[in-house]
Amino acid sequence: MLVPIALVGYSSYSANKESLEKQVLDDLALVAEAYEGHVYHFSELAKRRTEDFSSDGYIRDSLEKIVKGDPSAAKNLNSHLLKNKMPLDKTIHGINVIDLSGRVVASTDEREIGKDDSEHEYFIKGRKGIYVSDVHISHHFGEKVSIVVSAPLTSRETGALLGVITNHIEITELNKILTGEFQVEHGAISVERGRRKTLEIYLVNKDKLMITESRFIENAVLAQVVDTLPVQKCARGEETTGVYRDYRGVEVAGASMCLPEKGWTLLVEIDTEEAFAPLADLRKIAFAATLAVIALAGILTYAFSRNVIKPIIALDNAAEEIAKGNFDARVDIKTGDEIENLASAFNTMTKQLKTSYAELWNTKEYLQNIISSANDGIIVIDKDYVIKDVNPAALEMAKCEIVGKHCYEANHAESEPCKIVCPVKEIFEKGKPIELTHTHIDSTGNPYIVEISAAPIKDEKGNVVSVLEVARDVTERRRAEEALRQSHQKYEGLVNSIDGIVWEADARTFQFSFVNKQAERLLGHPIERWLTEPTFWKDHIHPDDREWAVSFCVTATKEKRPHEFEYRMIAADGRIVWLRDIVVVVVENDQPVKLRGVMVDVTERKKAEERLKKAHSELQRAYKELQSLDALKSDIISNVSHELRTPITIIKGALDLAVDEKDEEKRKELFTMGMNALLKQNRIVGDLVAVAEFHKGKYKLNLENVNIGYIVLLVEKEMEYHAGRSSVKIKTKVEENLPEVKADFDAIKHVLTNLVENAIKFNKPKGEVLIEAKQIENALQVSVADTGIGIAKENLERIFSPLTQLDPSASRKYGGTGTGLAVARRIVEAHGGKIWAESEVGRRSRFYFMLPIGRRVTETKSDVK
């Protein structure tokens with residue numbers, strides 16, 4: 001009798017033990033797979049966010065400016081990273097921008113600027129593409145344990161590599177996911193780990209160091225070594241589920257998932273003492289019951305006589321019910337002896353088993369509830385393409401029962417596997433997660449678009465046994481996107497057809513939220529700069545218009561009234577463009593919120609107006625000059641008439657006296673006087689003719705090799721008589737061996753004669769005139785100095801203008817037509833030379849002219865205009 005009872009008890013215990021152990025390990029594997037998806041999702045989101053930042057046109061343009069040496073670009077980029085990028089992802093605690101030398105040039109923390117990252121793997125690999133670093137203690141942003149995600153930054157114009165952007169994420173963000181804190185923050189009431197005293201979920205890196213927090217050991221991150229069986233197997237690419245000793249040396253039930261990309265191992269573990277606590281109780285009770293039965297063997301004979309067999313049969317039947325899973329089975333024995341105690345212990349054991357099983361069932365049900373309540377369809381497919389399990393959302397998409405069907409039949413109405421990219425085939429071949437977009441067909445024949453994220457489900461040996469697909473129906477979203485795209489195209493076509501810049505901006509900051517393509521055509525600045533630079537409009541207004549234009553717009557906006565104004569903007573190529581800006585203020589809740597308007601290019605109209613103003617101003621100036629010239633003409637005509645009559649009077653008087661003069665010397669002196677008067681008149685007429693020819697563009701030079709020293713001596717000889725009559729002495733100083741120059745002999749002699757005549761005319765009694773000629777580098781310089789009345793500094797340039805008299809009244813005292821110096825200047829400049837004067841009022845004046853040596857002459861005569 002004892003043997004059958006012992007066998008029944010042992011059989012019940014063994015059956016329950018095996019079932020419970022399998023259920024616990026299966027549940028741990030399911031939890032591990034779920035958290036593996038969370039880790040992959042966390043990593044993928046970090047990559048996408050970094051990739052998004054690396055495509056930011058403002059960041060790329062600013063880095064290019066920094067590289068080219070623009071000091072203001074770094075400050076603006078720091079502000080952009082802090083205000084516009086950091087708020088987009090709360091998991092990021094710092095952003096750095098690194099140039100090609102590995103130096104941090106922009107950051108959300110100015111203390112980071114200048115740090116050297118050239119030897120870090122995330123900088124080296126980040127130059128080539130998106131890279132996620134291993135967990136490490138970062139020397140950035142406060143020496144925190146972090147993950148760094150990096151991506152290359154390239155020039156938008158040339159595509160050349162400019163540097164790297166790095167997002168720094170504290171490992172605490174990943175730890176929140178594994179502890180359940182993340183789920184609670186986003187609305188979950190509780191998490192499974194909170195109900196288990198020893199349940200622990202953590203990550204170990206390829207160096208066998210714990211990279212998330214330990215439930216049992218403080219400061220374990222990157223300090224606690226985990227060299228357990230699952231970690232060793234993951235190093236060989238094998239995932240495991242079973243009972244083993246953890247890093248504390250405690251026996252645990254656990255499941256592991258391998259993350260090969262980083263060499264990480266995800267572990268979900270619970271102490272066997274807690275996991276299999278009901279079995280321990282059952283084992284104790286069964287052992288105690290067996291001992292009690294053996295100890296009371298001698299009494300059983302007596303018990304049989306008192307109906308012992310019936311209670312034992314009841315216990316046997318109850319044990320079988322428990323083995324079948326009916327934990328509500330109870331034994332009601334009222335014998336008042338040990339059998340009753342045994343029955344009571346049996347009932348207690350059953351109650352404890354029911355409680356433990358219920359807890360395990362709740363864990364499974366919790367996970368199933370998550371899957372069942374998911375809006376996305378979840379499908380499990382085996383290697384034969386057969387759908388093994390689905391959640392309600394997947395059935396809703398298919399509109400029929402699809403479990404047991406082939407996936408290509410249920411989702412694509414095909415009779416064989418898909419020929420396009422198939423996630424099932426891909427995962428069984430490569431064993432890695434995959435994302436793609438498919439078009440499925442429901443049971444009614446209607447197509448719908450799904451975004452699929454598929455991942456492998458592996459056995460203890462790491463072999464892929466099935467595929468988990470998460471499908472999201474994006475049909476309506478795609479339709480809405482297409483409708484929006486078409487609407488946007490129509491709107492964009494209409495807006496871009498307007499011959500002006502159609503724009504919208506924030507009423508408080510004036511930052512543009514929209515501009516049409518005409519903006520780039522009219523001003524040349526990329527549209528992205530209009531939209532990303534907060535002060536773009538203010539910065540590109542012409543400096544002379546910036547203050548009043550901005551003030552005008554601010555005032556009109558505050559008053560909520562439409563307004564128009566015209567101002568200048570600076571185009572990308574430096575052009576100044578006049579714009580007429582017609583602005584409407586959008587008001588909400590009695591507050592201006594948006595500005596909308598059209599900027600019209602009115603540059604040509606402004607130029608026409610400017611030309612009209614200039615023409616009017618020129619007309620007024622010309623009129624005044626004509627009035628002035630009319631008065632000057634009267635004075636000049638009077639002077640010229642006087643100058644022409646005077647030599648004639650002298651010639652006539654000298655000839656009359658010479659006819660009657662008997663003394664040969666006196667007669668010769670009279671003839672000389674007449675000849676000099678005639679030469680003077682000839683020079684006056686020559687100057688007037690030269691002025692006229694210069695004005696008409698008909699003056700011609702007869703170029704030949706000329707000896708300047710000879711001309712100096714010739715002029716000295718001719719002007720001696722005139723100088724003597726004015727009590728002025730002429731001196732010459734000619735440098736020896738002066739080279740000849742290509743010049744018009746008569747014209748240069750005319751220039752020098754005019755200068756000497758003026759030096760004599762405006763000299764003081766007993767004064768001197770010094771004529772000098774010398775070589776200076778590749779030119780000959782001739783100067784005429786006097787000791788006369790001098791010329792005011794402000795008049796030194798005017799004296800070379802045609803028909804100019806500094807003081808018309810002076811002509812009455814000194815004579816002259818005002819043409820000599822003007823003719824001299826034109827002649828010298830026609831030779832490729834220059835003429836100028838230096839003077840000191842009341843003391844002296846010196847006139848210079850220079851002629852180039854070796855001037856090439858192609859014609860013997862040249863027109864001079």
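A residue is called buried here if its relative accessible area is under 20%. Keep that cut-off in mind for the tour, and remember that this is a predicted model.

**Stop 1: a covered helix**

Select residues 820-830, which make up helix α26. Is this helix mostly covered or mostly open? It is mostly covered, with 9 of its 11 residues buried. Colour the buried ones: G820, L821, A822, V823, A824, R825, I827, V828 and A830. Now step just past the helix to G832, which follows α26 and has a positive phi, near 85 degrees.

**Stop 2: a stacked pair and a lysine**

Carry on along the chain and show the side chains of W836 and Y848. Their ring centres are 5.0 Å apart and the planes meet at 10 degrees, so this pair is stacked. W836 belongs to strand β27 (residues 834-840) and Y848 to strand β28 (residues 844-852), so the pair ties together parts that are 12 residues apart in sequence. The two partners differ in cover: W836 has 24% relative accessibility, so it counts as partly exposed, while Y848, at 11%, is buried.

Add K834 to your selection. This lysine lies over the face of W836, at 5.1 Å from the ring centre.

**Stop 3: more rings**

How many aromatic pairs are there by the ring-pairing rule? The count comes to 13. For one of them, select F512 and W530: the centres are 5.1 Å apart and the planes are at 65 degrees, so this pair is edge-to-face. F512 sits in strand β17 (residues 512-515) and W530 in helix α18 (residues 527-532), so the pair ties together parts 18 residues apart in sequence. Both F512 and W530 are buried.

Then pick F510, W537, W548, F552, F565 and Y567 in one go. Ring pairs link these six into a cluster.

Before leaving the rings, jump to F216 and R248. Here R248 lies over the face of F216, 3.7 Å from the ring centre.

**Stop 4: the nonpolar cores**

Next, select L28, V97, I147 and L174. They belong to the largest nonpolar core, which has 53 residues, and they touch the most other members. Which helix gives the most to this core? Helix α1 (residues 2-54) does, with 12 residues.

Zoom in on L28. Leaving out residues up to four places away in sequence, L28 touches L199, A253, G254, A255, V268 and I270. For a second, separate core, of 45 residues, look for L701, F745, L752 and V828, which are among its members. You have already met V828 as one of the buried residues of α26.

**Stop 5: a lysine in α1**

Go back to helix α1 and select K47, which is found there. Is K47 buried or exposed? With 18% relative accessibility, K47 counts as buried. Show E261 as well: the side chains of K47 and E261 make a polar contact of 2.9 Å. Apart from neighbours within four places in sequence, K47 is in contact with I130, V132, V149 and E261.

**Stop 6: cysteines**

A disulfide is a covalent bond between the sulfur atoms of two cysteines. How many does a search of the whole structure find? It finds 1. Select C234 and C258, which the disulfide joins with the sulfurs 1.9 Å apart. C234 lies in helix α7 (residues 229-235) and C258 in strand β9 (residues 251-259), so the pair ties together parts that are 24 residues apart in sequence. The torsion about the S-S bond is about -100 degrees, so this disulfide is left-handed. Both C234 and C258 are buried.

For contrast, select C418 and C422. Why is there no bond here? The sulfur of C418 has its closest cysteine sulfur in C422, at 5.5 Å, which is too far for a bond. While you are looking at cysteines, try C400 too: with a relative accessible area of 27%, C400 is partly exposed.

**Stop 7: a strand lysine**

Finish with K774, in strand β25 (residues 768-776). K774 has a relative accessible area of 35%, so it is partly exposed. Add E736 and look at the C-alpha atoms: K774 and E736 are 38 residues apart in sequence and 8.2 Å apart in space. Which residues does K774 touch, not counting those up to four places away in sequence? They are E735, L738, A779, L780 and Q781.

Definitions and conventions. Residues are numbered from 1 along each chain as its sequence is written. This is a predicted model: local features need pLDDT of at least 70, side-chain atom pairs count only at pLDDT 80 or more; totals for chains, interfaces and linings use all residues. Side-chain values use heavy atoms; hydrogens and water are left out. Rings of Phe, Tyr and Trp (its six-membered ring) pair if their centres lie within 6.5 Å; planes under 30 degrees apart count as stacked, over 60 as edge-to-face and the rest as tilted. Helices (H or I, at least four residues) and strands (E, at least two) are DSSP runs, numbered from the N terminus. Buried means under 20% relative accessible area, exposed over 50%, partly exposed in between (1.4 Å probe, protein chains only). A charge sits over a ring if NZ of Lys or CZ of Arg is within 6 Å of the ring centre and within 35 degrees of the ring normal. A nonpolar core is a set of buried Ala, Val, Leu, Ile, Met, Phe, Trp, Tyr and Cys residues joined through side-chain atoms within 4.5 Å. Contact means heavy atoms within 4.5 Å. A polar contact is a pair of N or O atoms within 3.5 Å; within protein, one must be able to donate a hydrogen and the other to accept it, and residues adjacent in sequence count only if both atoms are side-chain atoms. A disulfide is a pair of cysteine sulfur atoms within 2.5 Å.
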